[in-house]
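The following exercises concern a predicted model. Please study the sequence and the structure before reading each solution.

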Amino acid sequence: MKGSPAQPQCGFSNAVVQILRLHGVADYRAHDVLQDPGLRQGVKNYSNWPTIPQVYLNGEFVGGCDILLQMHQNGDLVEELKKLGIRSALLDAEKDQDKK
Ligand SMILES: N[C@@H](CCC(=O)N[C@@H](CS)C(=O)NCC(=O)O)C(=O)O
Ligand code: FES
């Protein structure tokens with residue numbers, strides 16, 4: 001990403017942080033490519049993806065901001081987190097909604 005989860009330096013990186021936050025995912029590693037030109041280029045070569053942010057689940061490249069947003073909207077992110085043993089906080093939020 002650009003910047004840190006606490007202080008994203010670009011709206012795209014911020015969007016990814018916010019989506020993860022919505023799902024209650026706080027325990028992830030973030031690396032600031034603005035502090036590391038080698039990483040900025042290297043991660044693009046590694047994933048064959050031209051932009052930052054880049055999201056990896058269990059070390060596997062998932063996509064950037066647009067893809068994560070799409071997965072958030074179509075329910076795929078909940079499923080992918082489940083595969084990692086992470087229960088999305090949004091599921092509980094939805095349950096609370098149903099009770100009301
Ligand atoms: N549509 C992209 C938005 C991200 C994007 O366009 N990033 C640009 C601007 S922050 C980028 O990384 N450019 C190359 C660079 O800054 O190294 C996505 O889905 O992630
Ligand atoms: S830093 Fe300008 S669009 Fe990301």
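A residue is near a molecule if its C-beta atom, placed from the backbone, lies within 6 Å of it.

**Exercise 1.** State which residues surround ligand 1, and sort this shell by class.

*Solution.* Step 1: the residues that surround ligand 1 are Lys2, Cys10, Phe12, Arg40, Thr51, Ile52, Pro53, Gly64, Cys65 and Asp66. Step 2: sorted by class, the shell around ligand 1 comprises five nonpolar, two polar and three charged residues. For this sorting, Cys and Pro count as nonpolar, and Gly counts as polar.

**Exercise 2.** Describe the peptide bond from Ile52 to Pro53 and locate Pro53.

*Solution.* Step 1: most peptide bonds are trans. Step 2: the bond from Ile52 to Pro53 is cis, and its omega is near 10°. Step 3: Pro53 belongs to the loop between helix 2 (37-47) and strand 1 (55-57). Step 4: both Ile52 and Pro53 are among the residues surrounding ligand 1.

**Exercise 3.** Determine the sign of phi in Asn48 and in Asn58, and decide whether Asn48 and Asn58 are buried or exposed.

*Solution.* Step 1: most residues other than glycine have a negative phi. Step 2: the phi of Asn48 is positive, near 55°, and the phi of Asn58 is likewise positive, near 55°. Step 3: Asn48 is placed in the loop between helix 2 and strand 1, while Asn58 sits in the loop between strand 1 and strand 2 (60-63). Step 4: a residue is exposed if 12 or fewer other C-beta atoms lie within 10 Å of its own. Step 5: Asn48 has 7 other C-beta atoms within 10 Å and is therefore exposed. Step 6: Asn58 has 8 C-beta neighbours inside 10 Å, so Asn58 also counts as exposed.

Technical notes:
Residues numbered from 1 in each chain as written. Chains lettered and ligands numbered in written order. Predicted model: local features only at pLDDT ≥ 70, side-chain atom pairs only at ≥ 80, totals over all residues. Helix = DSSP H or I, 4+ residues; strand = E, 2+ residues; numbered from the N terminus. Buried ≥ 20, exposed ≤ 12 C-beta atoms within 10 Å, placed from the backbone.
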